[in-house]
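The following exercises concern one protein model and are each accompanied by a worked solution. Please examine the sequence and the coordinates before reading on.

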Amino acid sequence: MTQYLIAPSIIASDFAHIADEVAAIQSAGADWIHVDIMDGHFAPDITIGPLFVKSLKRVANIPLDVHLMISEPEKYIPAFADAGANNITVHVETCPDLPRLIAQIKSLGCKAGVTLNPATPASAIDSALPLADLVLVMSVVPGYSGQKFMPEMIAKVEEIRVKLNALRSSAHLEVDGGINVETLPLMKQAGANVFVTGNAAFKHPQGSGAGVRALKEVINAS
Ligand code: ZN
């Protein structure tokens with residue numbers, strides 16, 4: 001049976017109250033904490049680094065799902081593993097030799113994920129599919145929290161789901177960007193099982209716990 005997971009993206013939270021934010025999403029049933037790392041180079045914005053992840057690890061009791069939107073990820077993978085990342089996901093645009101990075105991530109005791117920008121064809125990650133623990137489809141261009149979902153990415157999720165099934169892979173298929181109560185069912189239908197969510201969780205008018213609960217209800221109902 002497919003396991004469906006909610007992974008709120010911590011960069012949409014209030015960093016001044018990070019422990020409270022983490023407690024709220026955890027008690028509402030969040031499964032992972034998604035951590036978007038941007039370097040001002042591969043992605044235009046700058047977010048957080050390993051030091052912050054280390055602090056986050058101290059207040060989190062669910063896995064940290066670290067998404068590296070940075071150039072030369074191989075240089076920083078050890079620092080994020082050391083900071084407490086459970087999953088580390090890298091972009092094919094930053095390193096065409098994904099099997100090498102996957103081996104590096106696994107050698108540090110983490111689960112290895114691969115991802116691709118909306119403009120990159122699904123075939124770009126073919127060599128990584130038999131090796132990855134997780135495949136992430138970006139449904140916005142890496143850059144900022146709060147962007148609108150790109151419906152063209154539904155077909156990409158379907159395409160990758162077919163490939164994973166053909167490989168009999170049990171890798172997670174995760175989607176990131178503009179996921180909310182309207183778009184989540186579309187991605188679930190397409191074959192995704194992990195849903196990153198930023199504003200739909202942390203900017204919910206009744207608080208982040210209510211945001212997570214609303215998304216979990218949608219998973220169960222769709
Ligand atoms: Zn992300």
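**Exercise 1. Identify the donors of the zinc ion and classify the geometry of its site.**

Step 1. The zinc ion is coordinated by His34 (NE2), Asp36 (OD), His67 (ND1) and Asp176 (OD), at 1.9 to 2.2 Å. Donors are N, O and S atoms within 2.8 Å of the metal (3.2 Å for Na, K and Ca), and sites may look incomplete since water is not among the atoms. The model is predicted: local features need pLDDT of at least 70, side-chain atom pairs count only at pLDDT 80 or more, and totals for chains, interfaces and linings use all residues. Residues are numbered from 1 along each chain as its sequence is written, and side-chain values use heavy atoms, with hydrogens and water left out.

Step 2. The 4 donor atoms of the zinc ion subtend angles of 96 to 146°. Four donors count as tetrahedral if all angles lie between 85 and 135 degrees; four count as square planar and six as octahedral if opposite donors are over 155 degrees apart and all others between 65 and 115; anything else is irregular. The site of the zinc ion is accordingly classed as irregular.

Step 3. Along the chain, the donors of the zinc ion have the spacing H-x1-D-x30-H-x108-D. Distant parts of the chain are linked by Asp36 in strand 2 (residues 33-38) and Asp176 in strand 7 (residues 172-176), which are 140 residues apart. Strands (E, at least two residues) and helices (H or I, at least four) are DSSP runs, numbered from the N terminus.

Step 4. Asp36 counts as buried because its relative accessibility is 5%, and Asp176 likewise at 7%. Buried means under 20% relative accessible area, exposed over 50%, and partly exposed in between (1.4 Å probe, protein chains only).

**Exercise 2. Describe the surroundings of Ser139.**

Step 1. Ser139 lies in the loop between strand 6 (134-138) and helix 5 (153-166). With a relative accessible area of 0%, Ser139 is buried.

Step 2. At 2.7 Å, the side chain of Ser139 reaches the backbone oxygen of Gly177.

Step 3. Beyond its neighbours within four places in sequence, Ser139 contacts residues including Phe149, Asp176, Gly177 and Met187. Contact means heavy atoms within 4.5 Å.

**Exercise 3. Which residues have the most contacts inside the largest nonpolar core?**

Step 1. A nonpolar core is a set of buried Ala, Val, Leu, Ile, Met, Phe, Trp, Tyr and Cys residues joined through side-chain atoms within 4.5 Å. The largest such core has 65 residues, and Ile33 and Met187 have the most contacts inside it. Helix 5 supplies the largest share of this core, 5 residues.

Step 2. Residues up to four places away in sequence being left out, Met187 touches, among others, Ser139, Val157, Val175 and Phe195.

Step 3. A second, separate core has 13 residues, among them Ala7, Ile11, Ala43 and Leu136.

**Exercise 4. Determine where the buried residues of helix 1 and of helix 3 lie around each axis.**

Step 1. In helix 1 (residues 18-27), the buried residues are Ile18, Glu21, Val22, Ile25 and Gln26. They line one face of the helix, because they fall within an arc of 125° when seen down the axis of helix 1. The arc is that of the directions from the helix axis to the C-beta atoms. Asp20 and Ser27 are exposed on the other side of helix 1.

Step 2. The cover over the buried residues of helix 1 includes strand 2, helix 2 (50-59) and helix 8 (208-221). Just after helix 1, Gly29 has a positive phi of about 105°.

Step 3. In helix 3, the buried residues are Pro73, Ile77, Phe80, Ala81 and Ala83. They lie on the same side of helix 3, because they cover an arc of only 150° around the axis. On the other side of helix 3, Lys75 and Asp82 are exposed.

Step 4. Strand 2, helix 2 and strand 4 (87-91) are among the elements that cover the buried residues of helix 3. Gly84 follows helix 3, with a positive phi near 115°.

**Exercise 5. Are Glu72 and Arg168 buried, partly exposed or exposed?**

Step 1. Glu72 is in the loop between strand 3 (64-69) and helix 3 (73-83), and Arg168 is in the loop between helix 5 and strand 7.

Step 2. Glu72 counts as partly exposed at 42% relative accessibility, whereas Arg168 is exposed, with a relative accessible area of 77%.

Step 3. Although not a glycine, Glu72 has a positive phi of about 50°; Arg168, also not a glycine, has a positive phi of about 55°.

Notes: A polar contact is a pair of N or O atoms within 3.5 Å; within protein, one must be able to donate a hydrogen and the other to accept it, and residues adjacent in sequence count only if both atoms are side-chain atoms.
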